[in-house]
There are 2 protein chains.
Amino acid sequence: MTGEQTRRRGAALEADILDAVWEELAEVGYARLTMEGVAARAKTGKQVLYRRWPNRAELVKAALPHRTGFLADQLPDTGELRADVLAVLRLMVERQREIGPDVIRGLLAEAPDLDPKVFGIMHDILLTLLRRAVERGEIPTADLPRRVVTVPAQLLRYEMVISRDPVADALLVEIVDDVFLPLVTRRG
Amino acid sequence: MTGEQTRRRGAALEADILDAVWEELAEVGYARLTMEGVAARAKTGKQVLYRRWPNRAELVKAALPHRTGFLADQLPDTGELRADVLAVLRLMVERQREIGPDVIRGLLAEAPDLDPKVFGIMHDILLTLLRRAVERGEIPTADLPRRVVTVPAQLLRYEMVISRDPVADALLVEIVDDVFLPLVTRRG
DNA sequence: CCGAATAAGAGACGCACCGTCTCCAAAGGG
DNA sequence: CCCTTTGGAGACGGTGCGTCTCTTATTCGG
């Protein structure tokens, strides 16, 4: 078929555009991603993009869930708190590796809102792991200050976003063994 | 004197430029700060800027220490660990209030290096406070994992940069009372 | 104290991308 | 099957980048 006659519409077109965003991110990174570049790669016009998203930040925000899964859908259950938390942190690292660190930093700078739900979700996840540990008798209580519950997620995100060192697995172990477990086990 | 004949040079000119950067940051923020805007405000040419700094990020990075002091020069010494740490965290909040949150996020996105020394300094500061507390007999030891020592600084920076909520003083108290003090006091 | 070297001030230049607008043709619904 | 909606393509004015050029003030070496 030399003459491709079809013209995409609606959801199918949108999916192609978001694919193009991912390819563009992989190729040039967030900083040099342009609306024109995405439009060209998706073989469409800029107007089609602007009809859906008001700017680059919104476009990229829309593209992220198009390929990444939700953390909450992959809750580990190893039978041990330490391993559970480590597994969740490893999922976070994996997810950020897919997305790329400069995308997150770029969005932090450009997107005025950056959905707080994305961050709040970690509290629920960790609380679930803690409650299971209580049931198993591993720790005395899951009734901990909110800040204690989210501590491992926040420390990891600090490393991933602010400090630019690549996140070594040993660092996750430090977070869990030196900070989190001491806080949740020694309570009376 | 209607006819101002003098032409600034070297350090004096540089100081005027960095002042102009601060004024520009205050007026339009980091995102809309432009080299042309800074040059115009400083009443000089763009070439003079590019002769000194290769781009916007470097220019702003150079401007920051021009007006902010160094945290290490204002070490508190209240006689109590809790108050010392709170005082340091309050200094951090104050400093970020001067600089503006969008400047930090902008630099994180655009500056490829963001001097790690800026971050490493907090470890030294907190370690000093801990050692004093040991001398006073408040805590058993200052020989703690690096991650434990820096925990309050990292949690605060997480809030300041990633979460966009304004940093309430109550949050500093949470960090210290719920996380830091439990970690450094209960040790054998 | 003078002439050469250096740097400041000013702005033109080509370029890239923004966000808007225009035009035509394809799709698809009633 | 016609008519409304949407897609594809690109022109447009505007803004800021980073470079370059030109004139003029300042400084420094002799």
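**Two protein chains on two DNA strands: a predicted model**

Let me open with one contact, in which a phosphate oxygen of DNA strand D is 3.3 Å from an N or O atom in the side chain of Arg8(A); a polar contact here is a pair of N or O atoms within 3.5 Å, and within protein one atom must be able to donate a hydrogen and the other to accept it, with residues adjacent in sequence counting only if both atoms are side-chain atoms.

Before going on, the conventions: this is a predicted model, in which local features need pLDDT of at least 70 and side-chain atom pairs count only at pLDDT 80 or more, while totals for chains, interfaces and linings use all residues. Residues are numbered from 1 along each chain as its sequence is written, chains are lettered from A and ligands numbered from 1 in the order in which they are written, and side-chain values use heavy atoms, with hydrogens and water left out.

On confidence, chain A averages a pLDDT of 92, with 96% of its residues scoring at least 70, where pLDDT is the predictor's confidence in each residue, from 0 to 100. Among the elements of chain A, helix H9 (residues 169–185) has the highest mean pLDDT, 97, and helix H7 (residues 116–136) the lowest, 91; helices (H or I, at least four residues) and strands (E, at least two) are DSSP runs, numbered from the N terminus.

Now back to strand D. It is surrounded by 23 residues, the closest being Thr44(A), Arg7(B), Lys46(B), Gln47(B) and Tyr50(B), and a residue is near a strand if one of its heavy atoms lies within 4 Å of it. Of the atoms of DNA strand D that come within 4 Å of the protein, 59% belong to sugar and phosphate. Besides Arg8(A), the side chain of Arg52(A) places an N or O atom 2.8 Å from a phosphate oxygen of DNA strand D, whereas Arg7(A) brings a polar side-chain atom to 3.0 Å from a base nitrogen of that strand.

Which helix supplies the largest share of the surface near DNA strand D? That is H3(A), with five residues. By class, this surface divides into four nonpolar, eight polar and eleven charged residues, taking Ala, Val, Leu, Ile, Met, Phe, Trp, Tyr, Cys and Pro as nonpolar, Asp, Glu, Lys and Arg as charged, and the others, Gly among them, as polar.

Turning to strand C, 23 residues surround it, and the closest are Lys46(A), Gln47(A), Tyr50(A), Thr44(B) and Arg51(B). Sugar and phosphate make up 60% of the atoms of DNA strand C within 4 Å of the protein. An N or O atom in the side chain of Gln47(A) is 2.5 Å from a base nitrogen of DNA strand C, while Lys43(B) uses a backbone N or O atom, 3.5 Å from a phosphate oxygen of DNA strand C. Here H3(B) gives the most to the surface, with five residues.

Within the protein, Arg56(A) lies over the face of Tyr30(A), at 4.4 Å from the ring centre, and the charged end of Arg56(B) sits over the ring of Tyr30(B), 4.4 Å from its centre; the criterion is NZ of Lys or CZ of Arg within 6 Å of the ring centre and within 35 degrees of the ring normal.

Finally, symmetry. Chain B superposes on chain A by a rotation of 180° with 0.0 Å of shift along its axis, at an RMSD of 0.1 Å, with the fit made by least squares on the C-alpha atoms of residues with pLDDT of at least 70 in both copies. That is the relation of a two-fold axis, and the C-alpha of chain B nearest the axis is that of Tyr158(B), 2.8 Å from it.
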